[in-house]
Amino acid sequence: MAYTIDQIGQFVRGKILQNLPGEPVTHLLLDSRKLTYPGSSIFIALVSDRRDGHQYIPELYRRGLRNFIVSLPPVIADFPLANFILVRDTMQALHLLTASHRQKFKIPVIGITGSNGKTVVKEWLFQLLQEDYHIVRSPKSYNSQIGVPLSVWMLNPSHTLAIFEAGISQPGEMTNLEKIIRPDIGIFTNIGQAHDEGFLNIRQKINEKLFLFTHSRVLIYCRDHQELNDCVLQFHNQMRSPGDPRSLELLSWSAKTEADLQVHTVEKSAGQTLIAATFRKKRMEIRIPFLDDGSIENAIHCWCLMLYLGIDPSRIASRMEKLGRVAMRLELKAAINHCSLINDSYNSDLGSLTIALDFLQQQKQHPARTLILSDILQSGKPEPELYGEVADLLQKKKVHRLVGIGPSITAQKALFEKNGILQTSFYPGTPEFIRGFSPDLFHDETILLKGARVFEFERIGRLLEQKAHQTVLEINLTALTDNLVQYRMLLKPSTKIMVMVKAFSYGSGSFEIANLLQFLGVDYLAVAYADEGVELRKAGITLPIMIMNPEPVAYPAIISWKLEPEIYSLNQASRFLSELKKSGETGFPVHIKLDTGMHRLGFDPSEVSALSSLLHEDSRIRVASVFSHLAASEDPEQDRFTEEQGNLFLQMSQRLAQGIGYPVIRHISNTSAIERHPDLQLEMVRLGIGIYGIDHARVIQDRLRNVSTLKTTVAQVKTVAAGETVGYGRGGKLLRDSRIATVGIGYADGYSRRLGNGTGHMLVQGNAAPVVGQVCMDMTMLDVTGIPDVKEGDEVLVFGEDLPLRQLAEWAGTIPYELLTGISQRVKRVYYEE
């Protein structure tokens with residue numbers, strides 16, 4: 001579908017300021033960093049508290065983009081070849097544009113909402129219905145005020161069914177999404193506590209979500225959620241019009257009470273669940289390859305939908321048995337031969353491929369980018385057209401090498417080879433690739449693995465992954481992004497952010513985190529030592545990087561790699577100036593550390609005059625910022641001291657600025673001070689452990705998401721008799737016959753010895769299992785007596801969402817910083833996006 005500027009102007013109810021001949025619009029652009037098709041895209045300049053899309057218009061114009069929707073009138077003379085549509089609100093314009101696009105299609109549209117299960121239900125419906133329909137669906141979890149419009153924009157005339165999910169966090173949002181999706185069929189998965197903070201109570205949240213189904217023909221839901229059932233019945237009565245055939249129909253299911261699909265039995269055995277039910281007086285059953293309650297609930301929603309569509313129960317049962325697990329995230333891992341591996345076998349279509357390639361482009365740690373891609377199934381497009389688009393996309397996303405796997409992509413290999421830029425190799429199937437695999441084929445590159453489920457790319461992933469033991473630290477990049485947003489909301493729009501990535505980003509990883517922060521537009525990074533900064537530069541990080549402990553031996557590297565040292569004494573300043581003289585550098589940026597009460601490093605008040613004279617007289621240095629450390633910003637009992645520190649810092653920094661003759665950026669606020677002492681935000685703040693999900697202030701902690709999850713596995717389980725002892729020193733004496741599980745983590749991995757002898761616990765099958773005896777170097781023993789069916793290979797949670805790191809720190813008598821930064825480098829890091 002393509003639209004002219006005149007058509008778009010009508011859709012968004014805007015004023016066309018300039019309309020020149022050009023390509024029709026087929027692509028929406030909201031993020032200037034993701035420009036791929038400048039000729040056929042239109043940029044919508046969204047405005048938020050921290051970002052104004054209008055500031056990116058000149059750059060986009062220079063890169064060839066010619067179509068813009070704006071809420072601020074541009075200077076037309078500056079953009080003589082561009083088309084502009086002026087609107088009152090660009091977010092509303094996005095919604096109006098995509099709602100108008102939706103109205104062009106008369107196909108069935110399924111809308112899904114609920115607290116949990118939306119994405120799984122959507123993906124399972126795709127698996128179950130792709131033989132009957134050509135389906136468009138939301139990529140990943142695109143269910144927000146921005147994600148829904150982008151999903152709906154993917155509709156094209158080849159589609160025969162659409163499945164979109166919708167999520168909200170506050171009242172008023174679902175009304176907007178309903179106008180865009182306009183679902184004919186609705187599914188309300190369940191109701192839980194997610195986003196409770198945005199609503200008065202759970203009933204308000206349910207009622208708000210129900211607005212999605214204002215114009216739907218049917219609503220599928222479970223009657224066993226009492227408050228949900230009550231609200232649905234009330235909503236149904238409000239929507240009912242006597243004699244109106246368009247009135248909302250309810251299709252309910254229940255395992256407890258009367259419903260359209262009455263579930264009789266749920267039997268779990270041998271990795272499968274058999275569900276028996278009656279639908280319209282007909283008994284039927286399905287079997288799914290899952291045991292957990294969430295999967296059972298999600299499968300029954302899908303069952304109801306397929307019955308509503310009139311699909312034969314025997315065909316439904318056959319397909320249900322083949323349901324595959326939904327990979328809910330895109331993962332970034334260390335791979336063989338100094339490579340990085342992006343594993344995204346979540347789905348395989350042009351939309352998800354574009355998203356994955358955007359993530360590939362963000363990775364700067366390797367100069368080369370490789371894509372391993374399977375056939376794209378069920379696209380609805382002729383294969384020459386489909387793979388021609390893929391080839392064009394790979395060129396625009398600067399992919400260097402393609403490994404194509406599958407008969408269809410292999411048949412179209414000439415499309416990828418025609419420009420001679422892309423290195424290519426093709427295989428008819430995954431077995432053929434594996435037979436010809438050699439580790440020597442991959443070196444110092446970022447590899448994106450993208451394949452449809454039937455191609456079993458997990459087998460390729462196992463070949464490419466760097467081998468490591470089974471203890472893994474998972475880092476949720478989506479949660480880290482959300483946490484950054486939470487802190488940005490506390491800042492004035494003009495306040496800059498420096499993020500601390502020292503100590504391997506608090507144990508979370510160096511370039512992986514820095515890459516994301518650079519993409520998210522933070523202003524500065526800070527590390528402890530020069531070698532950390534050098535590694536970030538080698539990984540493609542171009543942001544300014546402050547070095548907090550610059551050793552004299554590292555001065556040449558600091559200068560050559562354009563790192564910015566902290567200067568904290570007159571002697572140190574003189575030594576760095578001497579090094580600058582050797583290099584011939586002038587105006588080199590440095591950061592001046594003032595001591596306002598921490599008494600660790602920094603200039604005392606009595607030294608400011610001498611420092612000012614030195615800096616004023618020497619052009620080799622230019623002060624980029626002046627800063628200090630708060631000693632106890634998190635402690636209400638120390639607020640007076642914090643205020644004294646702040647006042648002294650303002651006085652000292654003012655004297656310094658006057659002495660050197662130019663203004664400088666000032667920063668004294670750390671993570672805790674951002675919320676507790678907003679008057680000290682000044683021109684910049686330093687965000688540390690807060691971005692990783694930990695803040696001393698309860699009001700902020702409740703808004704943050706867990707970023708890091710440490711997991712290990714059970715190596716062995718044995719029964720040990722009462723009176724026996726476990727571990728070194730015989731410290732773990734058993735008072736009863738016990739089941740002891742040995743797990744693959746010890747103090748060499750960063751699990752503190754202070755957690756031994758019953759002090760610490762881990763979660764096995766969701767149950768707390770205390771540590772027995774002393775923590776060993778590589779192993780720890782847990783008492784799993786009373787936890788049924790614990791076996792070798794079972795996953796064990798060391799800390800994460802269900803066992804917060806703060807709890808471990810309390811048990812160990814320390815702080816979360818120490819435990820997080822102590823996670824050993826031998827523990828494999830897995831980075832993922834939801």
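1. Helix 4 and helix 9 are oblique to each other, an oblique pair being one outside the ranges for roughly parallel (under 35 degrees), roughly antiparallel (over 145) and roughly perpendicular (65 to 115). Their axes, which are lines fitted to C-alpha atoms over the stretch in contact, with angles from 0 to 180 degrees between N-to-C directions, lie 10 Å apart at an angle of about 50° for residues 118-129 and 293-308. Helices are DSSP runs (H or I, at least four residues) and strands likewise (E, at least two), numbered from the N terminus.

2. This is a predicted model, in which local features need pLDDT of at least 70 and side-chain atom pairs count only at pLDDT 80 or more, while totals for chains, interfaces and linings use all residues. Residues are numbered from 1 along each chain as its sequence is written, and side-chain values use heavy atoms, with hydrogens and water left out.

3. In the contact (heavy atoms within 4.5 Å) between these two helices, Val120, Val121, Trp124, Leu125, Leu128 and Leu129 of helix 4 meet helix 9 residues including Asn298, His301, Cys302 and Leu305. The residues of this contact divide into 10 nonpolar, three polar and no charged, where Ala, Val, Leu, Ile, Met, Phe, Trp, Tyr, Cys and Pro count as nonpolar, Asp, Glu, Lys and Arg as charged, and the others, Gly among them, as polar.

4. For helix 11 (residues 350-362) and helix 12 (residues 383-396), the axes come within 11 Å and cross at roughly 15°, and that makes helix 11 roughly parallel to helix 12. Their contact has seven nonpolar, two polar and two charged residues, with Glu389 and Lys396 among those that helix 12 brings to it.

5. The axes of helix 23 (residues 608-617) and helix 24 (residues 639-660) come within 8 Å and cross at roughly 30°, and these helices are therefore roughly parallel to each other. Six nonpolar, four polar and one charged residue make up the contact of helix 23 with helix 24, and Arg655 of helix 24 is one of the residues that take part.

6. The lining of the largest cavity includes Leu710, Tyr751, Phe799 and Ile823, a cavity being a set of points, on a 1 Å grid over the protein atoms alone, where a 1.4 Å probe fits but cannot get out, and lining residues having an atom within 4 Å of a point. By class this lining has nine nonpolar, one polar and no charged residues, and strand 37 (795-799) and helix 27 (805-812) each supply at least two of its residues.

Note on methods:
1 Å grid on protein atoms, 1.4 Å probe; cavity = no way out; pocket = protein on both sides within 12 Å on 5 of 7 lines; lining within 4 Å.
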